[in-house]
Amino acid sequence: MAAEHTTRLTMKTSVAIYPGSFDPVTNGHLDLIGRGEQMFDHLIVAVLKNVDKQALFSVTERVEMLKEVTKKWGSVEIDVFDGLLVDYARRRGAGVILRGIRAISDYEYELQMALMNRKLEPRLETVFMLPGESYSYLSAKLVREIAQLGGPLAGLVPPIVEQRLRSKVS
Ligand code: PNS
C-alpha cells in the first residue's frame, strides 16, 4: 500500500481568537499579538462591540488603529464581534481563545472567564500567554488616564495610537 494510504497526516489549521476591548491597542497587546502570530496559523483579533458608554474610542476607531499596527502580519485579521464569545468562535471555526496574563491579579478574572467559556463550549481551549515583562504594568485603562491627564505615552502605545490619543483628549 502506498505510503499516503498508511500514514495518517494531520493537516490541522489552528485558528485562534484574541478577544478584547482594545480601547486603545497598547504595546502590551501588540506584544501578545506578535507571540500569537508565531504560534497560530491564523489569529483573529476580535474587538468586542459593547454598549459601554465609557469607551474613549469608537469600535471603528479601535479597528482602524489595530489594522494599522498589525498590517505587517499577513495571518492576523482584525474583526468585530458581539454576543457570546463562544458563539463567535464557533462561527469563525476557531479552536483557541488567546488571552494575556500580566500579573497574578489578572488570574482570577481570566480563570473565571476561561472556565465559563469551557462550560459553554467544551471544545474551545483558552491559551494564556505572558507578555514581555516590560509590559506587565501596562493597561489600556492607565493609558487612557495618562493621556487624559497629559502625561507621556512614549513606549506605552504605538506612535499612531499616541497621536490619536492626543487629538482625542485635546
Ligand atoms: O479586554 P477585555 O475587556 O478584558 O476583554 C473582555 C472580553 C471581550 C474578552 C469579554 O468581556 C468577552 O468575552 N465578552 C463577550 C461576551 C461573553 O462571551 N461573555 C461571557 C464570558 S465568560
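Two residues are in contact here when they have heavy atoms within 4.5 Å of each other. Keep in mind that all of these views show a predicted model.

**View 1. Ile-33 and its partners from elsewhere in the chain.** Skip the neighbours within four places in sequence, and Ile-33 still touches Tyr-18, Leu-43, Val-45, Leu-66, Thr-70, Trp-73 and Val-76.

**View 2. The largest nonpolar core.** Here you're looking at a set of 32 residues. Tyr-18, Ile-33, Val-45, Leu-66 and Leu-165 are the ones with the most contacts inside this core. Quite a few elements chip in at least two residues each: strand 1 (15-20), strand 2 (42-48), strand 3 (76-81) and strand 4 (96-100), plus helix 2 (27-39), helix 3 (59-69), helix 6 (140-148) and helix 7 (159-169). Helix 3 gives the largest share, five residues.

**View 3. A second core, separate from the one above.** This one is made of twelve residues, among them Ile-17, Ile-44, Val-86 and Leu-124.

**View 4. The one cavity of 30 Å³ or more.** Its volume comes to about 50 Å³. Around the cavity sit Pro-19, Leu-85, Ile-97, Arg-99, Glu-110, Met-113, Ala-114, Asn-117 and Thr-126. By type, that lining splits into five nonpolar, two polar and two charged residues.

**View 5. Which elements line the largest cavity?** Strand 4 and helix 5 (104-120) each bring at least two residues to the lining. Helix 5 gives the most, with four residues.

Key. Residues are numbered from 1 along each chain as its sequence is written. This is a predicted model: local features need pLDDT of at least 70, side-chain atom pairs count only at pLDDT 80 or more; totals for chains, interfaces and linings use all residues. Side-chain values use heavy atoms; hydrogens and water are left out. A nonpolar core is a set of buried Ala, Val, Leu, Ile, Met, Phe, Trp, Tyr and Cys residues joined through side-chain atoms within 4.5 Å. Buried means under 20% relative accessible area, exposed over 50%, partly exposed in between (1.4 Å probe, protein chains only). On a 1 Å grid over the protein atoms alone, a cavity is a set of points where a 1.4 Å probe fits but cannot get out, and a pocket is an open set with protein on both sides within 12 Å along at least five of seven lines; lining residues have an atom within 4 Å of a point. Grid points are joined across faces, edges and corners, and a volume is the space filled by probe spheres set on the points. Ala, Val, Leu, Ile, Met, Phe, Trp, Tyr, Cys and Pro count as nonpolar, Asp, Glu, Lys and Arg as charged, and the others, Gly among them, as polar.
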